[in-house]
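Grab a pencil and get ready for a few exercises on reading a protein model. Try each task before you look at the solution.

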Amino acid sequence: YVFTESRRLATLAGLVVLTDGISVITGRTALLDGFVAMFATIALAAMCVLLRHPLRVRSAGAAAWVLALSSGAAMACKWSAAPVWLVGAAVAGWAADTARQPIGRRMVLALVVPLLVYGATYVPTAVNYRGSAVQRVACAVDGNCDTGFTDRLSGLATFHVEVLRYHRSLTPTNK
């Protein structure tokens with residue numbers, strides 16, 4: 001709807017995706033990709049609002065918040081959404097500059113809020129740390145099997161490092 005301003009065309013596009021067999025199959029095999037796509041699309045729509053109407057203070061402010069929250073949610077689903085976050089921050093900065101508003105506040109919103117949203121998704125893991133996958137990884141990697149507050153933070157950091165290490169070591173098998 002944001003791109004064409006036509007509800008009929010947006011509905012038709014949704015129905016085409018609904019009836020597309022490849023979309024259904026990939027949706028079943030890569031469940032997180034659908035959520036990443038949804039949050040990235042919301043972020044893209046917010047970027048479009050910022051690019052189209054940077055001088056409308058009220059709509060630009062709301063779009064900046066939607067952009068920050070949705071890009072953080074997309075990164076919480078998969079790290080591959082990080083470019084959405086960075087491009088969104090650039091768009092938010094450009095829109096603030098165009099509207100002659102303080103860029104610093106808008107950039108803090110665009111850069112920090114998504115990281116806070118990402119971090120908030122790990123609160124349940126930190127609360128229920130005992131027996132979590134994060135604790136098992138931390139315990140296996142560095143022998144830290146304690147469950148104190150600093151141990152939980154250290155375990156989350158270790159988990160992220162191990163996930164990054166795992167993805168860096170992947171090699172394609174379809175050569």
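Below are five exercises, each with a worked solution.

Before you start, note that this is a predicted model, where local features need pLDDT of at least 70, side-chain atom pairs count only at pLDDT 80 or more, and totals for chains, interfaces and linings use all residues. Residues are numbered from 1 along each chain as its sequence is written, and side-chain values use heavy atoms, with hydrogens and water left out.

**Exercise 1: The overall fold**

Task: Find how many helices and strands the protein chain has, and compare its radius of gyration with that of a compact globule.

Solution. Start with the elements: helices (H or I, at least four residues) and strands (E, at least two) are DSSP runs, numbered from the N terminus. The protein chain has nine helices and zero strands, so written out from the N terminus it reads α-α-α-α-α-α-α-α-α.

Next, take the radius of gyration, which is computed over C-alpha atoms; the globule rule is 2.2 Å times the number of residues to the power 0.38. For 175 residues, a compact globule would come out near 16 Å, but the protein chain has 20 Å. To picture the extent, use the C-alpha trace, which spans about 55 × 45 × 35 Å along its principal axes.

**Exercise 2: Surface and charge**

Task: Work out what percentage of the residues count as buried, and how many side chains are positive and negative.

Solution. First you need the cut-offs: buried means under 20% relative accessible area, exposed over 50%, and partly exposed in between (1.4 Å probe, protein chains only). Of the 175 residues, 30% count as buried. The accessible surface (Shrake-Rupley method, 1.4 Å probe) comes to about 11300 Å², and 67% of that belongs to carbon and sulfur atoms.

Now the charges. Lys and Arg count as positive, Asp and Glu as negative, while His and the chain ends are not counted. Each charge is placed at NZ of Lys, CZ of Arg, CG of Asp or CD of Glu. That gives 16 positive and 8 negative side chains, with the centres of the two sets 10 Å apart.

**Exercise 3: The nonpolar cores**

Task: Name the elements that give two or more residues to the largest nonpolar core.

Solution. A nonpolar core is a set of buried Ala, Val, Leu, Ile, Met, Phe, Trp, Tyr and Cys residues joined through side-chain atoms within 4.5 Å. The largest one here has 14 residues, and those with the most contacts inside it include Ala-43, Met-47 and Leu-67. The elements you want are helix 3 (31-52), helix 4 (57-77) and helix 5 (82-98). Apart from this core lies another, of six residues, among them Val-36 and Tyr-118. As background, nonpolar side chains tend to be buried together in soluble globular proteins.

**Exercise 4: Following the contacts**

Task: Starting from Ala-43, trace which residues it touches, then check whether Ser-70, Ser-71 and Val-84 are buried or exposed.

Solution. Contact means heavy atoms within 4.5 Å, and neighbours up to four places away in sequence are skipped for Ala-43, which touches Leu-67, Ser-70, Ser-71 and Val-84.

- Ser-70 sits in helix 4 and is buried, at a relative accessible area of 4%. Its contacts beyond four places in sequence are Phe-39, Ile-42 and Ala-43.
- Ser-71 is also found in helix 4. Its relative accessible area is 2%, so Ser-71 is buried. Beyond four places in sequence, Ser-71 is in contact with Ala-43, Val-84, Trp-85 and Pro-114.
- Val-84 belongs to helix 5 and is buried, with 18% relative accessible area.

**Exercise 5: Out at the surface**

Task: Decide whether Arg-100 and Ala-140 are buried or exposed.

Solution. Arg-100 lies in the loop between helix 5 and helix 6 (103-120). Its relative accessibility is 77%, so Arg-100 counts as exposed. Look at its backbone too: phi is near 55°, a positive value in a residue other than glycine.

Ala-140 lies in helix 8 (residues 133-142). With a relative accessible area of 65%, Ala-140 is exposed.
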